[in-house]
Amino acid sequence: MIIGAAGGGCGSDTSTNPSSDPTSAASTVAVLPTTDAPPPTADVTAPPSPQPAPPSDAPTSAEVTTTAPASALAAWVDDQVAAGRTEATAAESVGTDARLVVAHPPGSFVDIQARIIRADGSLIAVPDELPRDRFPTLVAVGERLALLAPVDGVVALWLLGDDLNWTHGPELNVAVAAQRPMQTDALDGFVLVTSEGVVDRGDGIYVPADQQGALIAPSLDVIAMAPPPDGLFMNFTTVSDSRAFVLGRDNGARGHEPLTQPWEFDAATNTWTALPIPTWLVCTNACEWSAAHEFADVFLEAATDTGIVKQLPDGSVGLYDPDSRQWRQLEMPPFQLAGPAIAALDGGLLVVAPQRAYGVDWNLNTVGVLDIAAATWTLHTLADQPTADALLAWEARTDGNVALLRLHSMVDNALDEDPQLVYQAASDSWRTPTSDDVSLWRSLETGDVADIRTLVP
């Protein structure tokens, strides 16, 4: 399961790079039995006819060669440093454990070079015609690696064959531009590519316009995505199996209508369905389902083995089962849910750590683990309370077995670059990071800029 959150601060672009964008005490949480209100009427659109996969003689765009992993990576890094590209950014990778690393000059995303680093450490070159000023996105389509990138105003697709040659994929018919970046999600073998524009309806409220989407099936057929319900932005906040969910909207700047009805899109059936509303949910006015705003301060929302944990508009916390379409109420955690960093571990465990922001002194030295099945929270308290500037947050990364946590400044990212705390799910214990933990942390990196030389072990 994968956590996905729509980001962006006040009036900001949603992307951060030129991508196409110690001692613990237990506290028991009660589970309140509920029944569910029937879901609202759903908009369901039948799947359009698929576009066939490209012919086998599609043009070859680049031949790939691999050598001994360590020496190949070191040689490539040396070449980039010699060319002045001394920084590296881990670009977006969707549905694959391979990494896409982009080399670029310090502080600049012009004249970039990219390489794919597979799980075994081997390198794969990328097609020569990829844009040199936009980050591509690495995806897995069925059993094949593929790249997506904007070319001449549309999203282009390249496929990696068994012979390690790149070929052009079928047309997706999804337009992209500076103000309409693409969003890419992996949905149980499918890859969903979407983009949308925004227009002012005349009163300072922005609404979606010219929404486009394509599903790339494991067979490599391309299917036009069913259009979303009228007025719904396609900012998916969580994905789970073949479904993508809109469980909130960034309304911090009040530039959009609030989201009062959550939705799901199912790639397997190419349909949109309205989610049921929890029966206990009561708001003073219309319930506004919220998502990320500044500093990526997401509300609690995560896909886990047992369902989606979501902080609801009234502040309560619910567990949604996408298969049964049922909500179950959980008590709030016994610490402040303030822009939490989240790591969903295998076995239905959720590690949650808060942030400090906007001058409010929230307790940063307490983190918690939610055992969803047992409905219990276990807290862990750090020996020393962080005392740096007022804009601090935890960052969490996970491989499903351990949760790695790092406290950093949301302004200049000036604190420790490596993790400071590790939770081991198998032993239900916390520890100081080892060198292996640091290596794992770096392998899970996406989007952070680092000296390119740190790529070489």
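Ser435 and Asp436 are the exposed residues on the face of helix 2 that is turned away from its buried side. In this predicted model, that buried side of helix 2, a helix running over residues 435-443, is made up of Asp437, Val438, Leu440 and Trp441. These four cover an arc of only 160° around the axis, so they end up on the same side of helix 2. There's a handy rule behind this sort of pattern: an α-helix has 3.6 residues a turn, so residues three or four places apart point the same way.

What do the buried residues of helix 2 pack against? Their partners are strands: strand 31 (392-398) and strand 32 (402-409), along with strand 33 (421-424) and strand 34 (429-431).

One of these strands, strand 31, is also home to Arg397. Is Arg397 buried or exposed? Its relative accessibility comes to just 7%, and since anything under 20% counts as buried, Arg397 is put in the buried group. The side chain of Arg397 isn't on its own, either: a polar contact of 3.0 Å links it to the side chain of Glu395.

Zooming out to the whole protein chain, helix 2 belongs to a set of 2 helices, set alongside 35 strands. The chain has 457 residues, and 50% of them are buried. As for the outside, the protein chain exposes about 19600 Å², with 51% of that area supplied by carbon and sulfur atoms.

Notes
Residues are numbered from 1 along each chain as its sequence is written. This is a predicted model: local features need pLDDT of at least 70, side-chain atom pairs count only at pLDDT 80 or more; totals for chains, interfaces and linings use all residues. Side-chain values use heavy atoms; hydrogens and water are left out. Buried means under 20% relative accessible area, exposed over 50%, partly exposed in between (1.4 Å probe, protein chains only). The arc is that of the directions from the helix axis to the C-beta atoms. Contact means heavy atoms within 4.5 Å. A polar contact is a pair of N or O atoms within 3.5 Å; within protein, one must be able to donate a hydrogen and the other to accept it, and residues adjacent in sequence count only if both atoms are side-chain atoms. Accessible areas come from the Shrake-Rupley method with a 1.4 Å probe; for residues, only the protein chains shown count as cover.
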